[in-house]
Amino acid sequence: MFFYLEVSLNSEVEPLNSEVEPLNSEVEPLNSEVAPLNSEVEPLNSEVAP
C-alpha cells in the first residue's frame with residue numbers, strides 16, 4: 001500500500017517539476033541582476049537602523 005502511494009505521488013509530482021524547471025531558468029538571470037542591488041542596499045540598511 002505504501003509503495004503504491006509513493007508511486008502515485010511521483011506521477012503527480014513529475015509533471016509539476018517539468019512546469020517549474022522553465023520558471024527556474026527565467027528566475028536565475030533575475031537573481032544575478034538582484035545580487036548587485038543587494039550589495040548596494042545593505043550599507044544603506046546599516047545607516048537607517050538605529
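**Exercise 1. Compare the radius of gyration of the protein with that of a compact globule of 50 residues.**

Solution.
- Start with the reference: a compact globule of 50 residues would have a radius of gyration near 10 Å.
- Now take the protein in this predicted model: its radius of gyration is 20 Å.
- Then turn to the principal axes. The C-alpha trace spans about 60 × 25 × 10 Å along them.

**Exercise 2. State how many helices and strands the protein has, and place Leu5.**

Solution.
- Count the elements: one helix, zero strands.
- Locate the residue: Leu5 lies in helix α1, which covers residues 2–48.
- Add a distance. Leu5 and Ala49 are 44 residues apart in sequence. In space, their C-alpha atoms are 51 Å apart.

**Exercise 3. Is Leu5 buried, partly exposed or exposed?**

Solution.
- Recall the cut-offs: buried means under 20% relative accessible area, exposed means over 50%.
- Read the value: Leu5 has 42%.
- Conclude: 42% falls in between, so Leu5 is partly exposed.
- Widen the view to the chain. Of its 50 residues, 0% count as buried.
- Finish with the surface: about 4700 Å² is accessible, and 63% of that belongs to carbon and sulfur atoms.

Definitions and conventions. Residues numbered from 1 in each chain as written. Predicted model: local features only at pLDDT ≥ 70, side-chain atom pairs only at ≥ 80, totals over all residues. Heavy atoms only, no water. Helix = DSSP H or I, 4+ residues; strand = E, 2+ residues; numbered from the N terminus. Rg over C-alpha atoms; globule rule 2.2 N^0.38 Å. Buried < 20%, exposed > 50% of the residue type's maximum accessible area, 1.4 Å probe, protein only. Areas by Shrake-Rupley, 256 points an atom, 1.4 Å probe, with all protein chains shown as cover.
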